[in-house]
Amino acid sequence: MLIEGFENAPVVAGEELLTLPGFWAAYLMWLSQTEEYDPVPEWFGVDGADVDAAFDVLHDEDQWPVFPIPFAGGHTAMVLGCNIAEDPGTEYFITHPEWGRHGRLASLGGHQAGPGLSWRELHHIARTPDLDAPGVHAEYARLLLLLPTLGDQDMPEDAADVLGDALARVGLPATQTPSLAEALLADHPLWEPAEWTLPAASPLSGSQEPFHGILRCDEVMSPRCGTHLAQGITREQSDRLAHALGTWPATRTAHPQNERRTSP
């Protein structure tokens, strides 16, 4: 499998790994650790041997698993395990066939960067799979795979319930899902929760012209702080991305080129 920027890496499709008994514990346990919450494999409904086996496969230096998450408009969110021997990590980005390069969301590992998604974007991507494109289509799996990119200081009241439902779908005991969901939404181990806002209509002189409808992040560690989500895309491509992310304002003033394009 070839991915722009990782052409020489031993990338393999990772969807089958989702069925491993210890996969979700191996993938999420680190994210749920807080000062008050120290999870163990049994809270995920598995034992330590299952988690160790899944962890070894996830971090195999000879096979880097990638999990494509196709969503609306031909876009795909990618979760890629970069299993470099001395500097392992996970890369999260968005691709589109028309783009010259992918849009970076977040990085975990020695050069961590994030957050990469607001809750609004994460939840919308999870619920809008492109069933005609290959990859992970189940809403609960999509939500959990992208969860490590989250960092949002304005979480909705039902976020823990939504996450708890996803955890129940992957087999977590009902007695553990509420507390684990709360822990996963607590302080991120790598970055602070961010404020996500739509860009102003009139940017300051010398700054990038905003692409309306796509949120910006105020956390300085984020690849989305003060820059476009995808570099080099056109206004029309950005409009389609904004719709796909679920952040296009409900009421807006059409761009002049859109008015020309839709007029009779």
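Is Tyr27 buried or exposed, and with what relative accessible area?

The model is predicted: local features need pLDDT of at least 70, side-chain atom pairs count only at pLDDT 80 or more, and totals for chains, interfaces and linings use all residues. Residues are numbered from 1 along each chain as its sequence is written, and side-chain values use heavy atoms, with hydrogens and water left out.

**Exercise 1.** Classify Tyr27 and describe its ring pairing with Trp24.

Solution.
- Step 1. Tyr27 has a relative accessible area of 8% and is therefore buried (buried: under 20% relative accessible area; exposed: over 50%; partly exposed: in between; 1.4 Å probe, protein chains only).
- Step 2. Trp24 is also buried, because its relative accessibility is 7%.
- Step 3. Both residues belong to helix 1, 3 residues apart, about one turn of the helix (helices are DSSP runs of H or I with at least four residues, strands runs of E with at least two, numbered from the N terminus).
- Step 4. The Trp24 and Tyr27 rings are edge-to-face, 6.1 Å centre to centre with 90° between the planes (rings of Phe, Tyr and Trp, the last by its six-membered ring, pair if their centres lie within 6.5 Å; planes under 30 degrees apart are stacked, over 60 edge-to-face, the rest tilted).
- Step 5. Ring pairs join Phe23, Trp24, Tyr27 and Phe67 in a cluster; the whole structure holds 6 aromatic pairs.

**Exercise 2.** Give the strand order of the open sheet and locate helix 4 on it.

Solution.
- Step 1. The open sheet has 5 strands in the order 1-2-3-4-5, with mixed pairing (two strands pair if DSSP finds at least two bridges between them).
- Step 2. Strand 1 (11–13) and strand 5 (103–109) are the edges, each pairing on one side only.
- Step 3. From one strand to the next, the twist averages 25° (axes are lines fitted to C-alpha atoms, for helices over the stretch in contact; angles run from 0 to 180 degrees between N-to-C directions).
- Step 4. Helix 4 (residues 139–146) packs on the sheet and touches strand 2, strand 3 and strand 4 (89–95), its direction making about 120° with that of strand 2 (contact: heavy atoms within 4.5 Å).
- Step 5. Strand 2 (residues 64–70) and strand 3 (residues 76–82) are antiparallel over 5 bridges, and Val66 stands opposite Leu80.

**Exercise 3.** List the buried residues of helix 5 and what covers them.

Solution.
- Step 1. The buried residues are Ala159, Ala160, Val162, Leu163, Gly164, Ala166 and Leu167.
- Step 2. Their cover includes helix 1 (23–28), helix 3, helix 4 and helix 6 (177–184).
- Step 3. After helix 5 comes Gly171, with a positive phi near 100°.
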